[in-house]
Amino acid sequence: MAALEYFVVECAEEKGREAYERIANDVLLDLDLVRVVSKLHIFIDPHVPVFVAVGATHPLGGPVRVRDFADVNVDEEGRAVLSIGDETYLAPMLQALWSRFGKDFVEQPDRFSVVVTVPEGEDPRAIEEIVVAHPEDGLYKDLVYALQIIAPEGFKVRREHHREGVFYYVASENTLDPEIVETLVAEKMKLIGVSL
């Protein structure tokens, strides 16, 4: 797992540690998270029972704007004509345009073109600046999904957090005492050189 700066699995049982290291490695590779996760420390204590994963992500850049994947031109009627270069963000872009201008003013003649009738007095080129996605939105869901797969079966009581490139996921079969969770998370965060 060369893409991670730090990757440690801590477990009282060596066979358990090796198994969870393989599982974590496979899950992170399968979900293509090794390129975004920079540090990961997993702690498993089957006697408590508790599973703790703390980590950090690489900076993901700013929000995705229309200009990042589409060219915006103005036709002779003053409408914005968008030429889509990458369909990845087409659906969220349409949602943003419908929300801002209304569905009656947004047409999609084909899959690579969108025509927007903007209100009089508004600059059609301003559409380039509309934010359609934030990279961290999907990353957080993917991280939680990955950690759910990595965590032991039956550990359904959980707490999770992700903010400004730092995350944690704590799971157990039992109710989690907030003080114990805080202490465990702070202790493991210190090991990877970050704090909440």
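His41 is placed in strand E2 of this predicted model, and it makes a handy starting point for a walk through the fold. With a relative accessible area of 3%, His41 falls under the 20% cut-off and therefore counts as buried. Its side chain is joined to that of Glu10 by a polar contact of 2.7 Å. Setting aside residues up to four places away in sequence, His41 touches Tyr6, Val8 and Glu10, then Val52, Ala53 and Val54, and finally Lys188, Leu191 and Ile192.

One of these partners, Val8, belongs to strand E1, which spans residues 6-11. Is Val8 buried, exposed or partly exposed? Its relative accessibility is 30%, so Val8 is classed as partly exposed. Beyond its neighbours within four places in sequence, Val8 is in contact with Leu40, His41 and Ile42. Looking along the chain instead, Ala19 lies eleven residues from Val8, and the two C-alpha atoms are separated by 12 Å.

Attention now turns to the nonpolar interior. In soluble globular proteins, nonpolar side chains tend to be buried together. Here the largest nonpolar core has 27 residues, and those with the most contacts inside it are Leu33, Val37, Ile42, Phe51, Ile150 and Tyr169. Two or more residues of this core come from each of E1, helix H1 (14-30), strand E2 (37-45), strand E3 (50-57), helix H3 (135-150) and strand E11 (166-172). Which element gives the most to this core? That element is H3, with six residues. A second, separate core holds 22 residues, including Ile84, Met93, Val116 and Ile127.

Tyr169, listed among the core residues with the most contacts, also has a long set of partners worth tracing in the viewer. Apart from neighbours within four places in sequence, Tyr169 is in contact with Phe51, Val52 and Ala53, with Val144, Leu147, Gln148 and Ala151, and with Arg158, Arg159 and Glu160.

Helix H3 also contains Ile149. At 39% relative accessibility, Ile149 counts as partly exposed, because buried residues are those under 20% and exposed ones those over 50%. Although Ile149 and Val27 are 122 residues apart in sequence, their C-alpha atoms are 7.5 Å apart in space.

Empty space comes next. Rolling a probe the size of a water molecule over the atoms shows where empty space is left. The structure holds one cavity of 30 Å³ or more, and the largest cavity has a volume of about 40 Å³. Tyr169 reappears here, lining the largest cavity together with Tyr140, Leu143, Val144, Leu147, Glu160, His161, His162, Phe167 and Tyr168. At least two lining residues are supplied by each of H3, strand E10 (157-163) and E11, and H3 gives the most, with four. By class, this lining has seven nonpolar, two polar and one charged residues.

The largest pocket, for its part, has a volume of about 160 Å³. Leu33, named above for its contacts in the largest nonpolar core, is found in the pocket lining alongside Leu31, Asp32, Arg35, Val36, Leu60, Pro135, Gly138, Leu139 and Asp142. How do the residues of this lining divide by class? Six are nonpolar, one is polar and three are charged.

Conventions
Residues numbered from 1 in each chain as written. Predicted model: local features only at pLDDT ≥ 70, side-chain atom pairs only at ≥ 80, totals over all residues. Heavy atoms only, no water. Buried < 20%, exposed > 50% of the residue type's maximum accessible area, 1.4 Å probe, protein only. Contact = heavy atoms within 4.5 Å. 1 Å grid on protein atoms, 1.4 Å probe; cavity = no way out; pocket = protein on both sides within 12 Å on 5 of 7 lines; lining within 4 Å. Points joined across faces, edges and corners; volume = space filled by probe spheres on them. Nonpolar A, V, L, I, M, F, W, Y, C, P; charged D, E, K, R; others polar. Core = buried A, V, L, I, M, F, W, Y, C linked by side-chain atoms within 4.5 Å. Polar contact = N/O pair within 3.5 Å; in protein donor to acceptor, adjacent residues only side chain to side chain.
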